[in-house]
Each structure stands twice: as structure tokens, then as C-alpha cells.
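This report introduces the structure shown below, looking at how two of its helices meet and at where its charged side chains pair.

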Amino acid sequence: MSNQSVQTVSTSNDKIKVVVAIAIAIAGVIGFYYLSDKPALVRAGALVAGLAFAVLILWTSSTGRDFLNFAKESVRETKKVVWPTRREATQITGIVFAFVLVMAIFLWGTDKTLEFLLYDIILGIRK
């Protein structure tokens, strides 16, 4: 494994493309809310068009391409995860609830013990 740092060099043109893509994505979201009196299909179309256009502009910049490739790799890695079955998830959830219950009882007991020691025995004050 290399300990050398990698420095990414991006041109000002790429930075401008990223800013424009972000602005277009925001415009798509604003358009979705601005068209609140229009049918849902028109509103969704404005949102999807803005986001799709932003992705296309991002794809033309090296920074955007790197980000989109990272997103694809993340999805690919997520698909490799072995998810627990329903039975395993239920068992794990039951174990967590049991542990929480035991910890709550333990902390309640500790609190009451310290309260008894401090108020009744050490200070002699009882409400």
C-alpha cells in the first residue's frame, strides 16, 4: 500500500461545470415546488429533467465523472452485502430489546441504590 497522497487537479472549467450542475439541480427542485398548482406529472417532470440535465453536465467534468463512478461503485458494493434473513433479523432485534431491558433495569437499580446511599444513609435527608 502506498503512502503517497494523490492530488486531483481540476481545471476552472470543471469547477464551473460542477457549479452549473448544482444550480440546475436546485432549479429542478425549485421548479417542482413552484409548479405546485400543476399536475403531479408536470411537477415530477420538472424535477427529473433538472436532475437529469445536472447529471449530464456533471458527466462532462472530470470531478463529476469521478463522483458518478464512485456512486456506481457504492451501489455495486451494496449489492455484494449479505443481508440477514427475516428470521435472523427478528432474532437479533429480540436480543437487542432484551439487552436494552436488562440495561434499563440495571441502571434503575443502580440509581435507586445510589439514591438510598446518598439521601438516607450519608445525608440523612428523605423527602
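Contact here means heavy atoms within 4.5 Å, and the model to which this is applied is a predicted one. In that sense, K17, V18, V20, A21, I24, A25, G28, V29, G31, F32 and Y33 in α1 meet R43, A44, A46, L47, G50, L51, F53, A54, I57 and L58 in α2. The residues of this contact divide into 16 nonpolar, three polar and two charged. The axes of α1 and α2, the latter spanning residues 40-59, come within 7 Å and cross at roughly 175 degrees, which makes α1 roughly antiparallel to α2.

Helix α1, residues 12-34, also holds D14, which is buried yet has no salt bridge. The nearest side chain of opposite charge, that of K17, is 4.6 Å away, and because a salt bridge requires the nitrogen to lie within 4 Å of a carboxyl oxygen, this pair does not count as one. Leaving aside residues up to four places away in sequence, D14 touches T60, S61 and S62.

The structure does hold three salt bridges, set out here with their N to O distances.

| Salt bridge | Distance |
|---|---|
| R76 and E73 | 2.4 Å |
| E77 and K80 | 3.2 Å |
| E115 and K112 | 3.3 Å |

R76 and E73 are three residues apart in helix α3, residues 62-80, and are therefore separated by about one helical turn. The same spacing in α3 applies to E77 and K80, of which E77 is partly exposed at 42% relative accessible area, whereas K80 is exposed at 54%. In helix α4, residues 86-122, E115 and K112 are likewise three residues apart; E115 counts as partly exposed at 21% relative accessibility, and K112 is partly exposed at 38%.

How values were computed. Residues numbered from 1 in each chain as written. Predicted model: local features only at pLDDT ≥ 70, side-chain atom pairs only at ≥ 80, totals over all residues. Heavy atoms only, no water. Helix = DSSP H or I, 4+ residues; strand = E, 2+ residues; numbered from the N terminus. Buried < 20%, exposed > 50% of the residue type's maximum accessible area, 1.4 Å probe, protein only. Lys, Arg positive; Asp, Glu negative; His and termini not counted. Axes fitted to C-alpha atoms, helices over the stretch in contact; angles between N-to-C directions. Parallel < 35°, antiparallel > 145°, perpendicular 65-115°, else oblique. Nonpolar A, V, L, I, M, F, W, Y, C, P; charged D, E, K, R; others polar.
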